[in-house]
Amino acid sequence: MKKNEWFKIKAYPHIDLPLAWEDKEKICGYVKNRKNIEKHSFLPFIHKTIISKKIRKEYDSEGNILNDGKRVILEPKARDIYFANHLDSNIFSYYAHLLNKRYEKKLEKKDLKQVVTAYRKVPLFENGKKVRNKCNIDFANDAFKYIKENRNKELVAIALDIKGFFDNIKHEKLKKAWCNLYSTPVLDKDHYKVFKNITKFSYVEETDLFNLFKDRIFVKNKTGDRRKKKIKKLKHFENQRVIAFCERNDIHEIRRKGLIKANKWNGDKLRNYGICQGSPISSVLANIYMLEFDELINKEINNIHGIYRRYSDDMVVVCPKEHKDFCIKLFENKIKEICDLKIQSEKTQVFHFIKSKDKLICGQEFNGKLNENSFKRNFEYLGFSFDGETVALKTSSLAKYYRKMKLNARRSRFYSKTINNKSKGQIFKRRLFKKFSYIGARRAKKFERIRGTTDKWRKTEKYNWGNYITYAKLAIKTFDNNVIKGQIRKHWNNLNKEIEKASR
């Protein structure tokens, strides 16, 4: 791991001004001093809820399609996200780095490095040389390859989901898992301070914070100078170059206004479960929490000649058909016994892989059995669909990409009409091409304007990581037998059609 890789400069607005790269040495020195952390005063998280639309085809319990196959808007998915203050975030990041080093050693010792796939850097080797870290494409490819390589066995793939994973992590069990990682009966004072502030955390609603400071929000102009400015709406933050809601000392005003909330149960008693999603340490803590479970499950599944993989709260088992019921019961019992969590049984899906005329076909169970609808459904895993032979992009993922394309084209038209300069009425096509087409698919270093100039730029060490087409092209290269090229073939024509519609 590179020196101080845990240190990061983030751009999101918070309580207190953002950190600067020139202060890196000073900040790292502060964070690494355990005595400082023991007495550090953590600021409240900023909380906001991210709503994700769900547009899906609906099926009944027997797999019959409803609404004549039309996609319907389902109940949106709400995710509670908590952002830590910039200094606090680096403290969490440093302790996540310390925990992760020990966690990786445990995974290697217990032979779990290929089992736990989320929130980790898993190297991908080609001809004995590391080429990059694995992503969802590679994890899905590993599962699909295993099924194809064992085509002479009648296998099932069982997909299971943990209910309210982060929200239901029990604090005492987490502390015990943390102690076990360090082989100690109690946490050191600095580790306990971090543990306490990720479990018994306090937070401020983003909208409340905005309403309090909206007449004096900190912004940075193009030359890098800071000033306070009135901002009308939260959604204008990016365009107005907002860097902070207020200064650190303004926490006293926030407290006087009664805006600080605690992680309480029924608004009265502090909860003894749940950690906040969004902090740099939350993901490694979730993995540590599941370590004992992962070890036991992996051992049991290996004993029946299957494989087990866990990506955060999404788990999959591929095993011989005769062990299906054993596996489902094993997960339901052990997740409760070891982690005090629950499997969402209504989301458990079972897919059968059957050899037919030298070809592997996939069929999904409905109500515990196969029926005439079963072989119309494919095994979907980490954004990909697998029919036993061929891999495709999951249709909902592709549909989401096109919805974003359409929305951005319409939004570009709206801003082109409202902007008050020489480009009024013109859509910035280059931005849309970069975001949604092959033009922006190449990974390249970003440029930034040189401070104090309007027309001079320099290349940075930051990368433009590409777009959805980048991801699709990597998938085309990775999967042996896929139809992904055909799925994205018309993306350029579709993008230009959306731009043309928006220009009318």
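Let's start with a helix pair: H4 and H14 are roughly parallel to each other. That follows from the angle, because anything under 35 degrees counts as roughly parallel. Here the axes cross at roughly 30° and come within 10 Å. A word of caution before I go on: this is a predicted model.

So who is who? H4 covers residues 136–149, and H14 covers residues 468–478. Their crossing is right-handed. On the H4 side, the contact uses Asn 136, Ile 137, Asp 138 and Asn 141. On the H14 side, look for Tyr 471, Leu 474, Ala 475 and Thr 478. By type, the residues of this H4 and H14 contact split into four nonpolar, three polar and one charged.

Next pair, H3 and H9. H3 is residues 86–109, and H9 is residues 282–289. Their axes come within 9 Å and cross at roughly 30°. That angle makes H3 roughly parallel to H9. Which hand does the crossing of H3 and H9 have, left or right? The crossing is left-handed.

Find the contact on your screens. Ala 96, Leu 99, Asn 100 and Tyr 103 come from H3. They meet Val 284, Leu 285, Asn 287 and Ile 288 of H9. Six residues in this H3 and H9 contact are nonpolar, two are polar and no residue is charged. On the spacing in such a list, a general point: an α-helix has 3.6 residues a turn, so residues three or four places apart point the same way.

Third pair, H10 and H11. H10 runs over residues 291–303, and H11 over residues 324–339. They pack at an angle of about 160°, with axes 10 Å apart. Over 145 degrees counts as roughly antiparallel. H10 and H11 are therefore roughly antiparallel to each other. H10 passes H11 in a right-handed crossing.

The residue list for this pair goes as follows. H10 gives Glu 292, Phe 293, Leu 296, Ile 297, Glu 300 and Ile 301. H11 gives Phe 326, Cys 327, Leu 330, Phe 331, Lys 334, Ile 335, Ile 338 and Cys 339. What is the mix in the contact of H10 with H11? Eleven nonpolar, no polar and three charged.

Now one helix on its own: H6, residues 189–199. Why is H6 described as largely enclosed by the rest of the structure? Because eight of its eleven residues are buried. The buried ones are Asp 190, His 191, Lys 193, Val 194, Phe 195, Asn 197, Ile 198 and Thr 199. And what covers them? The cover includes helix H2 (34–38), strand S1 (45–56) and helix H5 (171–181). H3 and H9, from our second pair, are also among the elements covering H6.

On to a single residue, Phe 213. Phe 213 sits in helix H7, residues 206–213. Is Phe 213 buried or exposed? Its relative accessible area is 1%, so Phe 213 is buried. Leaving out residues up to four places away in sequence, Phe 213 touches Phe 245, Cys 246, Asp 250, Glu 253 and Ile 254. For scale, take Ser 345, 132 residues from Phe 213 along the chain. Their C-alpha atoms are separated by 45 Å.

Cys 246, one of those contacts of Phe 213, takes us to cysteines. Cys 246 is also buried, at 1% relative accessible area. The closest cysteine sulfur to its own is in Cys 276, 19 Å away, which is too far for a bond. In general, a disulfide is a covalent bond between the sulfur atoms of two cysteines. How many disulfides does a search of the whole structure find? Zero. One more cysteine to look at: Cys 28 is at 5% relative accessibility, so it counts as buried.

Last stop, the backbone. Most residues other than glycine have a negative phi. Asp 111 has a positive phi, near 60°. Asp 111 lies in the loop between H3 and strand S3 (123–126). With a relative accessible area of 63%, Asp 111 is exposed.

Asn 367 also has a positive phi, about 55°, although it is not a glycine. Where is Asn 367? In the loop between strand S16 (359–364) and strand S17 (379–381). At 52% relative accessibility, Asn 367 counts as exposed, because the cut-off is over 50%.

That's the tour. Over to you.

Methods:
Residues are numbered from 1 along each chain as its sequence is written. This is a predicted model: local features need pLDDT of at least 70, side-chain atom pairs count only at pLDDT 80 or more; totals for chains, interfaces and linings use all residues. Side-chain values use heavy atoms; hydrogens and water are left out. Axes are lines fitted to C-alpha atoms, for helices over the stretch in contact, and angles run from 0 to 180 degrees between N-to-C directions. Helices (H or I, at least four residues) and strands (E, at least two) are DSSP runs, numbered from the N terminus. Angles under 35 degrees count as roughly parallel, over 145 as roughly antiparallel, 65 to 115 as roughly perpendicular and the rest as oblique. A crossing is left-handed if the near helix is turned anticlockwise from the far one by less than a right angle, and right-handed if clockwise. Contact means heavy atoms within 4.5 Å. Ala, Val, Leu, Ile, Met, Phe, Trp, Tyr, Cys and Pro count as nonpolar, Asp, Glu, Lys and Arg as charged, and the others, Gly among them, as polar. A disulfide is a pair of cysteine sulfur atoms within 2.5 Å. Buried means under 20% relative accessible area, exposed over 50%, partly exposed in between (1.4 Å probe, protein chains only).
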